[in-house]
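Morning, everyone. I have one structure to go through today, and I will put it up now.

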Amino acid sequence: MCSTCFPGYYLATFTSCQTCSSGLPFCSLCSSAAPGSSPTCTQCDTTYGLYGGSCQSCSAIVGCIICTLNANALVCQQCNSSYVLKADQTQCLICQISNCTNCALNSTGGFLCNACAPGYYLASNLCQPCSSSIQWCSTCYSTAATVTCTACASTLLYLSNNGCTASCN
């Protein structure tokens, strides 16, 4: 005789537990008031939002990976990493700054880059290639007005005095 089930399952009868998704499509966590009663979904799979005990797809909002339904309207809680969540949570906007890996919206709705992809550094809200500041530099970071090279583009080059050179000093 069963009295409880593991997370992701509900008590279907006194002798068996069923997966939440078997009775509720795209449901990852659920509960039932008593054995034999219909389960109620409490958490949906990623990319689905919970509304009235069932899971609805977040795909209506392009780039949204976690959503909920409020007053019959789909709202996004989290966007894919290459997108930015608009303040009203109705849209995920693709970041318009090339090579930016952590983008946000500023108070006027413009894009603000917080971090760049490897091989780039942040300067004046743009991601600049490391090699544009230090010849043959492949990995770098910036602080204020200084760009520091941490790796060179080839194993034939050596990092020396914040630059890449063909000879070992």
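Start at the hairpin of strand 13 and strand 14, where two residues sit between the strands and S124 takes a positive phi near 55 degrees. This is a predicted model, so keep that in mind throughout. Strand 13 covers residues 120-123 and strand 14 covers residues 126-129; the two run antiparallel and are joined by four bridges. If you want one pairing to find on the screen, take Y120, whose bridge partner in strand 14 is P129.

Now step back to the whole chain. The chain has one helix and 18 strands. How does its radius of gyration compare with that of a compact globule of 169 residues? The globule would come out near 15 Å, while the chain has 25 Å. Along the principal axes, the C-alpha atoms fill a box of roughly 75 × 40 × 20 Å. Of the 169 residues, 28% count as buried. The accessible surface is about 10100 Å², and carbon and sulfur atoms account for 54% of that. On contacts, take those between residues at least 6 apart in sequence: 10% of them join residues at least 24 apart.

Next, the disulfides. The count for this model is 13, and I will go through three of the pairs.

The pair I take to begin with is C44 and C55, with sulfur atoms 2.2 Å apart. The torsion about the S-S bond of C44 and C55 is about -95 degrees, so this disulfide is left-handed. The pair links distant parts of the chain, with C44 in strand 4 (residues 40-44) and C55 in strand 6 (residues 54-57), eleven residues apart. Are these cysteines buried or exposed? C44 is buried, with a relative accessible area of 11%, and C55 is buried with a relative accessible area of 11% as well.

Then there is C100 with C113, a disulfide with its sulfur atoms 2.3 Å apart. Here the angle about the S-S bond is 110 degrees, and the link of C100 and C113 is right-handed. C100 lies in strand 11 (residues 100-105) and C113 in strand 12 (residues 111-116), so this disulfide ties together parts that are 13 residues apart in sequence. C100 and C113 are both buried.

The last pair on my list is C152 and C164, joined at an S to S distance of 2.2 Å. With -100 degrees about the S-S bond, the link of C152 and C164 is left-handed. C152 sits in strand 16 (residues 146-152) and C164 in strand 18 (residues 163-165), so the parts tied together are twelve residues apart in sequence. Again, C152 and C164 are buried.

That leaves the aromatics. How many aromatic pairs are there? The count comes to one. The ring centres of F26 and Y48 are 4.1 Å apart and their planes are at 10 degrees, so the pair is stacked; the cut-off for stacked is under 30 degrees. F26 lies in the loop between helix 1 (20-23) and strand 3 (27-31), and Y48 in strand 5 (residues 48-51), so the pair ties together parts 22 residues apart in sequence. As for cover, F26 is partly exposed, with a relative accessible area of 39%.

That is what I have on this one. I will leave the structure on the screen for the discussion.

Conventions:
Residues numbered from 1 in each chain as written. Predicted model: local features only at pLDDT ≥ 70, side-chain atom pairs only at ≥ 80, totals over all residues. Heavy atoms only, no water. Pairing = 2+ DSSP bridges. Phe/Tyr/Trp six-rings, centres within 6.5 Å; stacked < 30°, edge-to-face > 60°. Buried < 20%, exposed > 50% of the residue type's maximum accessible area, 1.4 Å probe, protein only. Rg over C-alpha atoms; globule rule 2.2 N^0.38 Å. Contact = heavy atoms within 4.5 Å. Areas by Shrake-Rupley, 256 points an atom, 1.4 Å probe, with all protein chains shown as cover. Disulfide = S-S within 2.5 Å.
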